[in-house]
Amino acid sequence: MLIVHFVDTLQEKNMSIELPGKASAVVIGGGVTGSSVAYHLAKAGWSNVVQLERSQFSCGTTWHAAGLIGTMRANENHAKMAEYSMSILRDLEQETGQSTGFRQVGSLSIAHSEARFEELKRVASMNNAFGITQVNMMTPGEVKEMYPFLETGDLIGASYVPHDGFASPVDVTMAFVKGARMHGALCIEGVTVDDVVIEDGKVVGVTTDHGDIQTDYIVNCGGMWARHLGKKSGVNIPLHACEHYYAVTEKLTDLPEDLPVMRDHDKCAYYKQDAGSLLVGGFEKKAVAWGQNGIPKDFSFDELEGHMEEQLMPVLEDAMERVPMLQETGWRKFFCGPESFTPDDQFHIGEAPEVRNYFVGAGLNSIGIQSAGGLGKALADWMTNGHPPLDLWGNDIRRMHPFQGTQKYLEERVTETLGLLYDNHYPYRQMETSRNVRHSPVHEKLAARGACFGEAAGWERPNWFAPKGVEPKYEYSFGKQNWFEYSASEHQAARENVVLFDQSSFSKYTVQGRDACRVLQRICSANIDVPAGKMVYTHWLNDRGGIEADLTVTRVSENEFFVISGAAVAGKDLDWLRRHTPDDAHCFVNDVTNAWSVFGVMGPNSRDLLSKAIDTDFSTEAFPFGSVQNIELGCAIGRAGRVSYVGELGWEIYLPVDQARHGFDQLMQAAGDEGLKMAGMHALDSCRIEKKFVHLGHDVGDEDTPLECGLSFVCDMTKEIAFIGHDVIAKQKETGSWKGKRLVQFLLEDPEVVLYHHEPILRGGKMVGHLTSGNYGHTLGGSVGLGYVYAEEGVTPDYLAAEPMAIEVGGVAIPAKASLRPMYDPSAERMRS
């Protein structure tokens, strides 16, 4: 009776809803994410913000979230967002008077395997380097004292974050809603957005079941429904729901109210005190996808029948061993509800490349409560200022590719990504689901030669090659993995002989038209108004001087240019090109990635090999560094470009995909028995890091300038058409401010320690930065890392030499050599020989 009366009341209320005719922005979705976005937009001064929820606030997935608030993150900007998400909870309570239920009880992560303990130590060290949250390592005895109900006999150790905790998801949502209304937003329940109205590629409004609203901005925070709504507008938002489980015990009289949240990652479980009961949740390794036929429109505060016996019961069986008192405790609730997950376990944020002013905030991967505050603030700042407030490329919706939004891809992939949240995050770990989507034309030929493939942007790429008799399969660890020596031999061959890299996954674009040169001159920091046949290494900068792209541009003819970039950034690059091409410009951009294959022939003997295979003079006089020429490789017609990402003499061979297999065979035939070695992406990376060549997304991004990373030469300050960001770079040059932040190369003195990324940089025992990337330098004889060092007095060779330098790895300081110049071939003589 009460339920029927409530439904009738809600229906009557909905019948009387009157929507405004116009809004500055429409936020679609009334979960914690949408409510945070509405609050932050209104607080930022956006008038007439409208938030629309199809049913009731928090009714989709927010209401059944566990409400964990954690601040340890895998990168610095995520840590900043998580810290803000936590701090805003206190502020909301004071501002609105609405409780968020936040309890700062701390969080504990236990380890009963060496691999897990190593990961916890590395993550603790990394987060302490960020200087945002404090992570302490604990002994099993200290864990027992803090969590007396825990079985600790098999524990190795744990990490502890004192200021973590948990909150009430519904209360947090309603606090955001109340705050948004206090700042003038209209937050309305019972209104379904049917579609987004688009004209000339821009948002102009929304249609709903209660009328239309004109608006220039929308934010799709539709949660499980976000993908379906995006499809209506041609916007790709890859996410899919999975079954997600927890169980709640009967009341436990001895349960402390300040019991820390506890995570047992190896057993896929978390534990939290829940109103006098213990809640045990699972992140099972193989999840079950849900909603393959779409999410019901009337889904509201609903539960799923789920697969309790197969999915939840194994987690609870382990829980009864970890917390023995559960063996004598009754269970009052077994719960299954849907949560949205993305292909890479990263939430989606930003402006969709398909439609202007169509913003996305969705796919929170079961960390919505602890992320919503930071995400809402970041989106509001992004929409207000026209750019993200932090480097969020790892979450930017533009990173997603069209194939990743297909039903088959998603429903397979999310069965893996849910569990990966709690599985070991080993370096170089490869996804196992939704593979073999994109292949190089020579894929089978590489497989026959022992390639172990990794995935990047859907491409199957050789990461390393196994010798005969060895299975090309990863064996993961935090040390030197099973492929270490095989990749070392590839690295050595690149330094001493000749190797072939299949780089066909590189993104490739043509920019054509009589205004192509003028458009690119504005976008590129370097001067690309060069003779045909010249390749130019350049950056694309934003108006803050930050690096948006790191790539090469080749002039093919007067009105045609060929751009080569990284495999993962095609969506971002193409969006950037199109945004900065004036509407009236005679300039046309095309993605030709799938039309061209690329073979990198690199090493001191590359000239000899290519001279046998191709009737072209490859001498420096006839074929200087940075030049591109048309070639014939057997019957294949293509181009050769003299360039190197490994720091050795070499050429990239560009062939049409239909002729790539033939061209590959011609190179193999020319090589004969002279030692051409297949090499993978791991060797490419270990070579480039020895040479201090940067990697976009790790070493450089939209918060780093060319001066800070040591690449000032890519900025032509005198060309007639000033590039985007010119004035910022000019000011940095004038003031010397860039000297306070510089990219430094490090070489560990202990050859057994392995670097990956984000390890703290120590100078005289004090933290001065953290690494952005790391790999093993087989030629230099130890692990090599790149990272920014910060110093008000300026980072100079004297500064680096004045105090002992070290890199902290898992809490241990490892002495290191430091250099602003590349330690390998600092004068770049080898690749220009």
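**Exercise 1. Pro582 in its loop**

Work out whether Pro582 is buried, partly exposed or exposed in this predicted model, and place it in the chain.

*Solution.* Start with the accessibility: Pro582 has a relative accessible area of 36%. Buried would need under 20% and exposed over 50%, so Pro582 is partly exposed. Next, the location: Pro582 is in the loop that runs between helix H14 (570-579) and strand E29 (588-591). Finally, a distance: Pro582 and Thr173 are 409 residues apart along the chain, and their C-alpha atoms are separated by 42 Å.

**Exercise 2. Two residues in another loop**

Find which loop holds Pro388 and Trp393, then describe what surrounds each of them.

*Solution.* Take Pro388 to begin with. It belongs to the loop between H9 and H10. Its relative accessibility is 15%, so Pro388 counts as buried. Setting aside neighbours within four places in sequence, Pro388 is in contact with Trp382, Arg544 and Asp702. The C-alpha atoms of Pro388 and Val414 are 27 Å apart, with the two positions 26 residues apart along the chain.

Now Trp393. This residue also sits between H9 and helix H10 (407-420). Trp393 comes out as buried, at a relative accessible area of 17%. Leaving out residues up to four places away in sequence, Trp393 touches Arg398, Arg399, Ala568, Val569 and Lys572. For a long-range check, use Gly697: it is 304 residues from Trp393 in sequence, yet their C-alpha atoms are 7.1 Å apart in space.

**Exercise 3. Sorting out the aromatic rings**

Count the aromatic pairs, then decide how the rings of Phe484 and Tyr776 are arranged.

*Solution.* The count comes to 28 aromatic pairs. For Phe484 and Tyr776, the ring centres are 4.9 Å apart and the planes meet at 80°, so this pair is edge-to-face. The pair bridges distant parts of the chain: Phe484 is in helix H12 (residues 484-496) and Tyr776 is in strand E37 (residues 766-777), 292 residues apart. Both partners are tucked away: Phe484 is buried at 12% relative accessible area, and Tyr776 is buried at 9%.

Ring pairs can also chain together. Tyr426, Tyr428, Trp464, Tyr474, Tyr476, Phe478, Trp483, Tyr486 and Tyr756 are linked this way into a cluster.

**Exercise 4. Charges over rings**

Which ring does the charged end of Arg639 sit over, and which one goes with Lys741?

*Solution.* The charged end of Arg639 sits over the ring of Phe562, 5.0 Å from the ring centre. For Lys741, the ring belongs to Tyr788, and the distance to its centre is 4.8 Å. Phe562 turns up again among the contacts of Thr510, alongside Glu560, Phe561, Phe588, Val589, Asn590 and Val592, not counting residues up to four places away in sequence. Thr510 itself lies in strand E25 (residues 507-512) and is buried, at 9% relative accessibility.

**Exercise 5. Any disulfides?**

How many disulfides does the model have, and how far is the sulfur of Cys59 from the closest cysteine sulfur?

*Solution.* The sulfur of Cys59 has its closest cysteine sulfur in Cys221, 14 Å away, which is too far for a bond. The total for the structure is zero disulfides. The surroundings of the cysteines vary: Cys59 is buried at 2% relative accessible area, whereas Cys635 is exposed at 67%.

**Exercise 6. The largest nonpolar core**

Identify the elements that each supply at least two residues to the largest nonpolar core, and say which one gives the most.

*Solution.* This core has 42 residues, and those with the most contacts inside it are Val27, Val37, Leu41, Val219, Ile349 and Leu375. At least two residues each come from strand E2 (25-28), helix H2 (32-43), helix H3 (76-96), helix H6 (169-182) and helix H9 (368-385). H9 gives the most, with eight residues. Zoom in on Val27: its contacts include Val37, Leu41, Val219 and Cys221, not counting residues up to four places away in sequence. There is also a second, separate core of 36 residues, with Leu150, Trp225, Leu316 and Leu326 among them.

**Exercise 7. A polar contact**

Which side chain makes a polar contact with the side chain of Gln732?

*Solution.* Gln732 lies in helix H18 (residues 726-735) and is buried, with a relative accessible area of 9%. Its side chain makes a polar contact with that of Thr705, at 2.8 Å. Beyond four places in sequence, Gln732 touches Thr705, Leu707, Glu708, Ser737 and Trp738.

Key: Residues are numbered from 1 along each chain as its sequence is written. This is a predicted model: local features need pLDDT of at least 70, side-chain atom pairs count only at pLDDT 80 or more; totals for chains, interfaces and linings use all residues. Side-chain values use heavy atoms; hydrogens and water are left out. Rings of Phe, Tyr and Trp (its six-membered ring) pair if their centres lie within 6.5 Å; planes under 30 degrees apart count as stacked, over 60 as edge-to-face and the rest as tilted. Helices (H or I, at least four residues) and strands (E, at least two) are DSSP runs, numbered from the N terminus. Buried means under 20% relative accessible area, exposed over 50%, partly exposed in between (1.4 Å probe, protein chains only). A charge sits over a ring if NZ of Lys or CZ of Arg is within 6 Å of the ring centre and within 35 degrees of the ring normal. Contact means heavy atoms within 4.5 Å. A disulfide is a pair of cysteine sulfur atoms within 2.5 Å. A nonpolar core is a set of buried Ala, Val, Leu, Ile, Met, Phe, Trp, Tyr and Cys residues joined through side-chain atoms within 4.5 Å. A polar contact is a pair of N or O atoms within 3.5 Å; within protein, one must be able to donate a hydrogen and the other to accept it, and residues adjacent in sequence count only if both atoms are side-chain atoms.
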